[in-house]
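Here are a few exercises to get you acquainted with a new structure. Keep the model open, try each task, then read the solution.

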Amino acid sequence: MPTSKFAGKAQTVLGWIDGADLGVTLPHEHLLCDAKFNFSEPVDPEEKALAYKPVSMEILSWLRYHPSENLDNCQSFDEQEAIHEAMLFKKAGGSTIVDASCIGLGRNPQAMVRISRATGLNVIMGSGYMVHRCQPPDMSDRTEDEITEEIVRDINIGVGDTGIRAGLIGEIGASWPLHDNERKSIRAAAHAQRITGAPLDIHPGRINNKSVLEIIEILKDAGADLSRTVMSHTELRIRDHNVRCQVAKAGCYVEYDCFGWEGHVPLSLYGQTDLNLPNDVQRIHEIMQLIEAGHLERILISQDIWPKSWRTLYGGWGFAHISKYVTPAMLREGMSQEQINTIMIENPKRLLCFV
Ligand SMILES: [Zn+2]
């Protein structure tokens, strides 16, 4: 892989910055998000009426069990609200947010610039394609090379004519079983990574561990830099310590990015994922097991705040949850401050700096 002149720097929506300036980083969030693709109408006729109500106290309890079955909950477009939420992270000592809203998740480069300016936070924007359900209708006609070129352009020149450049490839979506267009999109992402030296983030499909392992083989075959590749949503996708170690040994980052989400597994996930969604303390224990196995430098943590109901203005835990409540719990459970700094500062820096 050729070394770029920006090696050692990360690309934010306001331009290149030194890795040392990234500070405490959330590597997988959604400041704004359009996850309409994730919305499905409830089957129960009584619940159907709730699907199109605005998020409010009235439906908050129901939303805990059905986050994807309310359209308003799947969409966050309000920049002022996003600024308010992001400031909570900043006040808790945070510096950088990676917004993984790529194409298909309502990516909005100009809004990312405005949010970064208003908060003083570094914001890193994604590129490439989410799962096939939210890919463009002509995706089957596009070639791997065309998709590669588009991602490279987003990173090197900017999205459309905005001049605002992506600093991450992802989150690149996969379903289970893998759709042909997702395989194409993953391969294109790997090629774009080789060309640009950018970090890569994968959203694996559900069902145990098969999707993650299949994707690693596809990435290897397409020449991806696995040492700068993230496997997201570990608490939903990789429910076996040995497989988590296998992913780390392959060189990938193992990312626990649903911190704050405890219990209330949506009915819609039954049959699609193992049902043992861990709570935060269990996440910490799994992370400590990974550290014991020698994988401290392959661990990332975040909150993947995509629905409205996970934001504080709507009764959720928000972007400051890890800084305010998880890191004290980590210390209490026996992790050291040095280990926490590695996970929240050094690992994201190593991931996000171009090579
Ligand atoms: Zn995801």
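The exercises below look at one helix and then at some backbone details.

Before you start, note that this is a predicted model, where local features need pLDDT of at least 70, side-chain atom pairs count only at pLDDT 80 or more, and totals for chains, interfaces and linings use all residues. Residues are numbered from 1 along each chain as its sequence is written.

**Exercise 1.** Check whether the length of helix α5 agrees or disagrees with its number of residues.

Solution. Start with the naming: helices (H or I, at least four residues) and strands (E, at least two) are DSSP runs, numbered from the N terminus. Helix α5 covers residues 144-156, which is 13 residues. The expected span is 1.5 Å times one less than the number of residues. That gives 18 Å for α5, and its end C-alpha atoms are 18 Å apart, so the two agree.

**Exercise 2.** Find which residues of α5 are buried, and what covers them.

Solution. First, the cut-offs: a residue is buried if 20 or more other C-beta atoms lie within 10 Å of its own, exposed if 12 or fewer, and partly exposed in between, with C-beta atoms placed from the backbone. By that count, I147, T148, I151, V152, D154 and I155 are the buried residues of α5. Now look down the axis: these residues fall within an arc of 160° (taken from the directions from the helix axis to the C-beta atoms), so they line one face of the helix. Turn to the face pointing away from the buried side, and you'll meet the exposed residues D145 and E146. Finally, the cover includes β8 (169-173) and α6 (180-196), where contact means C-beta atoms, placed from the backbone, within 7 Å.

**Exercise 3.** Locate the cis peptide bonds that involve E171 and P177.

Solution. As background, most residues other than glycine have a negative phi, and most peptide bonds are trans. One cis bond joins G170 and E171, with omega about 0°, and E171 sits in strand β8. Another joins W176 and P177, with omega about -5°; P177 is in the loop between β8 and α6.

**Exercise 4.** Are H233 and D304, each with a positive phi, buried or exposed?

Solution. Take H233: its phi is about 60°, though it is not a glycine. You'll find H233 in the loop between β10 (229-231) and α8 (234-237). H233 counts as buried because it has 23 C-beta neighbours inside 10 Å. Next, D304 has a phi near 45° and lies in the loop between β12 (299-301) and α11 (321-333). D304 has 26 C-beta neighbours inside 10 Å, so it counts as buried.

Terms used:
Two residues are in contact if their C-beta atoms, placed from the backbone, lie within 7 Å.
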